[in-house]
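Q: Could you take me on a close look at a single part of this model? I'd like one connected story rather than a tour of everything.

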Amino acid sequence: MIRQLIFISVFAATAAMAALAQNVTGTVTCGGAGVSGVAVSDGINVVTTDKQGRYALQTDKANGYVFISIPRGYTVDMADGFNPQFWQKLSDAKVETAEVHNFKLTYSPADDYVMIIGADSHLARRIGDRKTYKNGYIASLKYEKEKAAESQLPTYSMILGDLTWDNFWYANKYTLRNFMDDQRKMHYPVPLFPVIGNHDNDPAVPHSANTDFLAAKLWRDVVCPNYYSYNLGKVHYVVLDNIVYQNDTLPAGKKARKGVWGQRNYNAAVTEQQINWLRQDLALVDKQMPVVVCSHIPTFRINRNFSTFGSLQNYKELASCFNGFKNVHFVSGHTHVNFNAHPSEYPHIMEHNIAAICASWWITGKLTGTDMCTDGSPAGYSRWTVRGDSIEWKYASIEDHSDPQMRVLDMNTVKQFLATNADAVALSKTFKQMPTYDAFEENSVLINVFAWDDDWKLEVTENGTLLPTARLHAIDPAYLLAYALPRHKRGENVAPQHHHGTLHIFKAVASSPTTPVTVKVTDTFGHTYTTTLTRPAAFGR
């Protein structure tokens, strides 16, 4: 018995000394009591707190921070009302210097809430973008918060990268630091979990073997870790950085904007360091739990034949991390369009690509007063209503809180306008991407269903008769009115890359040019949206 007590004492002392030998230690508490089982990480290693809420981490301090994965049933303090304090900067870069970092949680048992998922704000102190952002997106967040509160639901948010625009960091003196300052001044109304985008990397960092790490330094210093995880209710969220910033040397004779060193180019991939961290993080997650993977660049995309393909360089390695999980949602931005992809190879994974807060880089709003994305979707975000482990999503318009889900156009009047309007005719002579809409027969209607998914149902009727529909890849004519025509009239360049077509356009052919056509869309969750087009319907401005 004495030997056993001695052994236990020695073991306890040894364990205590081992803990003290770790260079970053601390506690995670709630109301002064330790919280056990909380994941703590430096972005390389993941440890968990013991029964007293203590953790001990040996780190090379390379990333310069330590963070916790907020556990289910708790929240953290929100600096300035929107900035979650789940991470702390390390105070000394020397590995031999021991540091203590404590985290405090607040008990919050709600498993039901609203998550607002936006993407691509692209603030750059240009063409009135910050004012439009405040009057549009910030106002919409306040609206969503008030609406959710009516059902006693808390509201959270994320922005899926490109908070800023690297090309204007130095020319317009607007970096991530300015973005965070603006959120404080604009009173960003709900917690924000940010995601790094390619335009959130420092373009002044020269190309080298270490460019990617150095270019993300300002993000790590003033925003948060560039990859992390957290839990809200019964859902586990993972934030990844899938931009490997290169910033290659500019071609001879080409000049960059002020402060920009190179091409600002990048590779779309998740680094091995993140993959290793992710596997540790997911090892602590129940595989029955829904997982939402948040990144800037989509992992999966859809081609013009409406087939899904992997778009990240190492998408297979990333997807393999979720083997055994039942319900995985990838959410992304970057493209400024809406699409939903279901990779056949990974039936447990769905990709939600969400169109942009800034629409077409704030240009359409400046030109016409209405912000429209390149696929014809209104500037907007996705509203996710989470109840336990059940999730519903819906695309929402920033400018119209009735949440229009489609646009229906009379192609007879569209074609007539494009053939007779002097500006449209002049544009067609210089703009090679100008569509002809030859695929639309006489008396056709065009239906753009903004957030279309393959399990949605589309019904088009004329006088009670169901009309056949066909899915097409086409440019929404409304986008020509919002972008190409006004830019052409102002003598500005009409960028062809902004007219790459839409994957969620459908056509139906009516029997006459004057009969009304009714369009009904039923979404994944059985919600229906109906509109009736009285024909002939006007087109043009």
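A: Quick bit of vocabulary: contact means heavy atoms within 4.5 Å, while helices (H or I, at least four residues) and strands (E, at least two) are DSSP runs numbered from the N terminus. This is a predicted model, where local features need pLDDT of at least 70, side-chain atom pairs count only at pLDDT 80 or more, and totals for chains, interfaces and linings use all residues. Residues are numbered from 1 along each chain as its sequence is written, and side-chain values use heavy atoms, with hydrogens and water left out.

Let's settle on helix α6, residues 272–282, and the sheet that α6 packs on. Which residues of α6 are buried? They are Q274, I275, W277, L278, D281 and L282, with buried meaning under 20% relative accessible area, exposed over 50% and partly exposed in between (1.4 Å probe, protein chains only). Those residues span an arc of only 165° around the axis, so they sit on the same side of α6; the arc is taken from the directions from the helix axis to the C-beta atoms. As background, an α-helix has 3.6 residues a turn, so residues three or four places apart point the same way.

What do these buried residues pack against? Their partners are β3 (39–41), β4 (46–48), β6 (65–68), β16, β17 and α7 (315–320). On the sheet itself, α6 touches β16 and β17 (235–239), and the direction of α6 makes about 170° with that of β17. For angles like that one, axes are lines fitted to C-alpha atoms, for helices over the stretch in contact, and the angle runs from 0 to 180 degrees between N-to-C directions.

Now the sheet. It is open and has six strands, in the order β16-β17-β20-β23-β25-β24, with mixed pairing. Two strands count as paired if DSSP finds at least two bridges between them. At the edges are β16 (228–232) and β24 (339–341), each pairing on one side only. From one strand to the next, the twist averages 20°.

Start at the β16 edge. β16 may be an edge strand, but five of its five residues are buried, so β16 is largely enclosed by the rest of the structure. Side chains in a regular strand alternate between the two faces of the sheet. In β16, Y228, Y230 and L232 point one way, S229 and N231 point the other way, and all are buried. The partner on the paired side is β17, antiparallel to β16 over five bridges; within that pairing, Y230 has Y237 of β17 as its bridge partner. The two strands form a hairpin with two residues between them, and G233 in the turn has a positive phi of about 60°.

Hop across to the other edge. β24 is joined to β25 (residues 349–353) by three bridges, and the two run antiparallel. Opposite F339 stands N353 in β25.

Follow the chain out of β25 and there's a backbone oddity to check. The loop between β25 and α8 (363–368) holds A359, whose phi is positive, about 55°, although A359 is not a glycine. Most residues other than glycine have a negative phi, and most peptide bonds are trans. Is A359 buried or exposed? At 0% relative accessibility, A359 counts as buried.

A similar case is R264, in the loop between β18 (243–245) and β19 (266–268). R264 has a positive phi of about 60° and is not a glycine either. While you're checking the backbone, there's also a cis peptide bond joining R535 and P536, with omega about 0°; P536 is found in the segment after β35 (528–533).

Back to our part, to tie it up: the buried residues of α6 share one side of the helix, and β16 and β17 are among the elements they pack against. β16, in turn, pairs with β17 in the antiparallel sense and has five of its five residues buried.
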